[in-house]
Structures are given as C-alpha cells and as structure tokens.
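This report looks at aromatic pairs, one helix packing and one serine. The structure comes first.

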Amino acid sequence: MLRLRIALPFLVVALIWGSTWYVITGQIHEVAPSWSVAYRFAIATPAMFAVALAMRRSLAIGRAGHLLALAVGLTQFCGNFNFVYRAELHLTSGVVAVMFGMLMVPNALFGRWLLGQKVTPRFLVGSAIAIGGIALLLLHEARLSPLGGSVMLGVALAIGGILSASIANVIQANETGRALPMASLLAWSMLYGTGFDIAVAWALAGPPTIPAAPAFWAGTAWLAIAGSVVTFPLYYTIVRQIGAGRAAYNGVLVIVVAMVISTLAEGYAWSLLAVAGAVLGLGGMLIALRARQV
C-alpha cells in the first residue's frame, strides 16, 4: 500500500472522488438525474477511447471481453450512478459518501464468492463497527432531514448503488478482465453504460432536456473527465494489484474529503451523535481493512 505506484494513484483517486460527491448535487435539479448521468458518460466515453488509443491499447477485446464490458457498463456506469444521483436527492453528499465507504464489505464478500479471496474474522468485526457508526450518522441525518426528503429512501438508493459498484469492482478483476487492457475494457464498458443510461433516462424522464447553465456543464465535464476517465483506470488497476477488499481503503480517504466539503459547502451540522458515528465508521473501516487478506 505504501509503494509509490500504488500510493500515488490511490491519493489522486481519493481527492478527486471526494470532490465528486458534492459536484453531483449541482447535477440533479436542473435536469432529471438519469439524463445527468447520461450526459456525463456521453462525454466520458469518447475521452476514454482516446486514452486507450493514446496508450496504444488494442480495442479488440473479443466476445468474452464485450460480455464483461456489457456487465460492467450495466452495473458500474448505469446502475451505480443512477442510484447515487437519486440518493443525493434525499441525503447530503457527505453522508452518501460515508455509506459508500462500506463498499469494502460487498467487495470482500463478492471477492470471496467469485474470486476465492479470503475474508478474516477481524475484517467482519471491523465492518460491524463501521456499520454501527454509519447507523449513527444516518440517525443524525434522519433527525435533521436537511433536504426535506425521505432518508430511508435515500439509504435504499445508496445501497443499490453500493451493490452495483461492488459487482462491477469484482467482476472486472476476473480472469477475462485481467487479460484485457484496462483502458480498452473501460472504454467499451462506458460505451455500453451510456447506451443503458440513455434508455433508462428516456424511459423514466422522457426526451432529453438541455440545461443552459454553464455551471452544470462545468460540473458535468469535471465528473466525466476527472471523476471518470482519470480515476476509473487508476482505481481498477489498484483493485487488480491489491484486491477488491483492500482497494476499498480508498473509501476512507474519500469520506474525509467528502465530509469536509459537505461541512463547508452544504452546511452539514455536526452533533455529538454525528461525531461518534464518524469516529466509529472510520475506525471500523480501518480495523477491517488492516485485516490480513489473500
């Protein structure tokens, strides 16, 4: 974890993804969330293909590669983001980020079931502590309900996003995925995901609406280029190098960045309950992620 080739991309991903949670809040009011997701990946997809070509990676990934790309596109670039954008209609961005810190749990469990990666008792104990901390944060959120929405609906949507992202995290690290160039797999996955996004948006929200606000498109560009094209190749490479469970260490740093931004920009109101939840959540994650894993 401390080797530069792992630590540097780890830090870059955490800083960028920590900022994206708040940026998403500006993407879900002027336009239907599904169309906002579709616009994001409509921009990210050609940029990802350009990255693959610039890196001289072959775009020929074969039938098995395309099937994997379809699965990753559906789970990561459609299901995950559609759930997340809607979750932020009901929860503050920092709390959604905290919930996503628990990505390590399904990552580790799916990694055990699908890839044979070991899960230790210490990991389970730490995860239980972290879940307790997140429960306190959600209780604090329910008491305030700053967005006037349904906290439990937000929780359910966030869990849907976590499970979708976790499936994508693990399946891309299977034997087929490891044999493919990362940039090529991601380019095709984003392309398929964009197709799914457009279909979902049209079915749920009707024809597209084009926002006129420059801030919307600036945020979309940041999410597409920095939050997707730059970070996903780095993060998925980390998953392949150190395993899906340990890669979720990233979520701890993302949470710190996201909660600081939420406090400064959204006026997140801290209480003793929220502080206790944050300490338990982060502490539990660190205990779980320090556990020995294969």
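Trp21 and Phe100 are both buried in this predicted model. Their rings form a tilted aromatic pair. The centres are 5.1 Å apart, and the planes stand at 50°. That angle falls between the limits of 30 and 60 degrees, so the pair counts as tilted and not as stacked or edge-to-face. Trp21 belongs to helix α1 (residues 4-25), and Phe100 to helix α4 (residues 93-100). The two are 79 residues apart in sequence, so the pair ties together separate parts of the chain.

Phe81 and Phe232 make another aromatic pair, this one edge-to-face. Both of these rings are buried too. Phe81 sits in helix α3 (residues 62-87) and Phe232 in helix α10. The pair links distant parts of the chain, 151 residues apart.

The two pairs compare as follows.

| Pair | Centre to centre | Angle between planes | Class |
|---|---|---|---|
| Trp21 and Phe100 | 5.1 Å | 50° | tilted |
| Phe81 and Phe232 | 6.1 Å | 70° | edge-to-face |

The count of aromatic pairs comes to 14. Phe81 and Phe232 also belong to one aromatic cluster, together with Trp17, Phe41, Phe77 and Tyr235.

Phe232 has a further role in the contact between α9 and α10. How do these two helices pack? Helix α9 (residues 182-205) and helix α10 (residues 214-242) meet at an angle of about 125°, and their axes are 10 Å apart. That makes α9 oblique to α10. The crossing is right-handed.

Which residues make the contact? From α9 come Met182, Leu185, Leu186 and Met190. From α10 come Ser228, Val229, Phe232, Pro233, Tyr236, Thr237 and Arg240. By class, eight of the contact residues are nonpolar, two are polar and one is charged.

Ser184 also lies in helix α9. Is Ser184 buried or exposed? Its relative accessible area is 0%, so Ser184 counts as buried. The cut-off for buried is under 20%. Leaving out residues up to four places away in sequence, Ser184 touches Ala52, Arg57, Ser58, Leu59 and Ile61.

In short, Phe232 of α10 pairs with Phe81 of α3, and Phe232 is among the residues of α10 that contact α9. Ser184 of α9 touches residues including Arg57 and Ile61.

Key
Residues are numbered from 1 along each chain as its sequence is written. This is a predicted model: local features need pLDDT of at least 70, side-chain atom pairs count only at pLDDT 80 or more; totals for chains, interfaces and linings use all residues. Side-chain values use heavy atoms; hydrogens and water are left out. Axes are lines fitted to C-alpha atoms, for helices over the stretch in contact, and angles run from 0 to 180 degrees between N-to-C directions. Helices (H or I, at least four residues) and strands (E, at least two) are DSSP runs, numbered from the N terminus. Angles under 35 degrees count as roughly parallel, over 145 as roughly antiparallel, 65 to 115 as roughly perpendicular and the rest as oblique. A crossing is left-handed if the near helix is turned anticlockwise from the far one by less than a right angle, and right-handed if clockwise. Contact means heavy atoms within 4.5 Å. Ala, Val, Leu, Ile, Met, Phe, Trp, Tyr, Cys and Pro count as nonpolar, Asp, Glu, Lys and Arg as charged, and the others, Gly among them, as polar. Rings of Phe, Tyr and Trp (its six-membered ring) pair if their centres lie within 6.5 Å; planes under 30 degrees apart count as stacked, over 60 as edge-to-face and the rest as tilted. Buried means under 20% relative accessible area, exposed over 50%, partly exposed in between (1.4 Å probe, protein chains only).
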